[in-house]
Amino acid sequence: PGRPSYKIASIPADGIGPEVVSAGIQVLTTLAQALDEFDLNFEHFDWGSAYYREHGRYLPDDALERLKGCNAILFGAVGAPDIPDHISLWGLRLAICQPLQQYANVRPTRILRGISSPLSNCSRKDLDWVIVRENSEGEYAGHGGTSHLNEAWSVATEVSIFTRHGVERIMRFAFEMARSRPRKKLTIVTKSNAQRNGMVFWDLCAVKIAAEYPDVHWDKMLVDAMTTRMVLHPETIDTVVATNLHADILSDLAAALAGSIGIAPTSNLDPTGANPSMFEPIHGSAFDITGKGIANPVGTFWSSAEMLAWLGHREAANLLMESVENVTETGIKTLDLGGNNKTVEVTERVCQEIERLV
Ligand code: NAI
Ligand code: MG
């Protein structure tokens, strides 16, 4: 009695998704057994591109109801070479994130022990960021249309949507995130020089919410200048908030600067707690390495740690990351990090390390 027990939805989906999610489940199961403080029960869903080819859609009618019955979601990646990317992304991932109002996408980046940054002068203390991505509207609101397709006068629009509700809540979330970190520093990324409506409104909402956080230092930066700052002055950055599109791009850059896209985690959070949140590595289905057993599972391990922290088990999350870094530090790494270990070898070493530490 009183022992927490969580139902975790597992949606491995496509490409290397199943390889990294099964590695993640193995590590989480080992951790839960070793700690003996809480139970994790995984419920597996076979939604993905194979399901789509069979049923003509990515999700069954009751999908959201079934997910709402879970405490959290562990997601792999969606996308297949024979299906247009907008069909797969909107069919599965966005079809979960948007209705479940997982409006805060959180992407921490730091250089793990044993991993080096491609930036020659960047040490571990110079790069420790959290990028907060607006995850419900903006450029990915799905607002737009196509007319006269295949005619010389074809036209397509993709309208960015910025609502006061949407922008204020992500700004508040970002200021809270910045406040919770030692440096209490937030950079608001914008493009209000060229995009004079939506982005100017974004800036106005930022200024309004900033007034609620006098203890947080904040600055504003145009997104193009932000890319150079990330490369040339990484130590000046702490917490960052950006739109759906801008943060999508900046966070891939951030992952690469920390060593590889294969290590980076994402949390898709519903901060209200009304719906389960979803945790996934930031990478996609990586067709080029699917089935080779060389996918880096660290992004999924880190995402799993973020999931435990969100569920209230911060110490377990720290222990998981300590184990991961103890392993990367010994040089056990996959090809993308310059190593020669397979997914299963990294996974087994992390499990051994967990058992050793507990
Ligand atoms: P990607 O992330 O799948 O691959 C980019 C490059 O990084 C590839 O060379 C790949 O081998 C490498 N890579 C990615 N993850 C890795 C890992 N864990 N270990 C080692 N190397 C890794 O991005 P790409 O090629 O743009 O997209 C492929 C498919 O994935 C597309 O269908 C795309 O729409 C989808 N996608 C899905 C996402 C999601 O489900 N959240 C996110 C990004 C892309
Ligand atoms: Mg992306």
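Trainee: What makes up the span of residues 7-350, and how far apart are its end C-alpha atoms?

Mentor: The span is 39% helix and 22% strand, with 23 Å between the end C-alpha atoms. Helices (H or I, at least four residues) and strands (E, at least two) are DSSP runs, numbered from the N terminus. This is a predicted model: local features need pLDDT of at least 70, side-chain atom pairs pLDDT 80 or more, while totals for chains, interfaces and linings use all residues. Residues are numbered from 1 along each chain as its sequence is written, while chains are lettered from A and ligands numbered from 1 in written order.

Trainee: Why does the radius of gyration agree with a compact globule?

Mentor: The rule is 2.2 Å times the number of residues to the power 0.38, over C-alpha atoms. For 358 residues that gives near 21 Å; the protein chain has 20 Å, so the two agree. The C-alpha trace spans about 55 × 50 × 45 Å along its principal axes.

Trainee: What makes S2 and S9 edge strands?

Mentor: Strands pair if DSSP finds at least two bridges between them. The open sheet has ten strands, ordered S2-S1-S3-S12-S11-S4-S5-S10-S8-S9, with mixed pairing. Strand S2 (39-44) and strand S9 (217-222) each pair on one side only. From one strand to the next, the twist averages 25°.

Trainee: How do you know that S8 and S10 pair?

Mentor: Strand S8 (residues 185-190) and strand S10 (residues 239-242) share three bridges, in the parallel sense. The cut-off is at least two, so they count as paired. Ile188 has Val241 in S10 as its bridge partner.

Trainee: Which residues come nearest to ligand 1?

Mentor: Gly79, Gly262, His283, Gly284 and Asn296, out of 23 around the ligand. A residue counts if its C-beta atom, placed from the backbone, lies within 6 Å. Helix H4 (residues 85-97) gives the most to this shell, four residues.

Key:
Axes fitted to C-alpha atoms, helices over the stretch in contact; angles between N-to-C directions.
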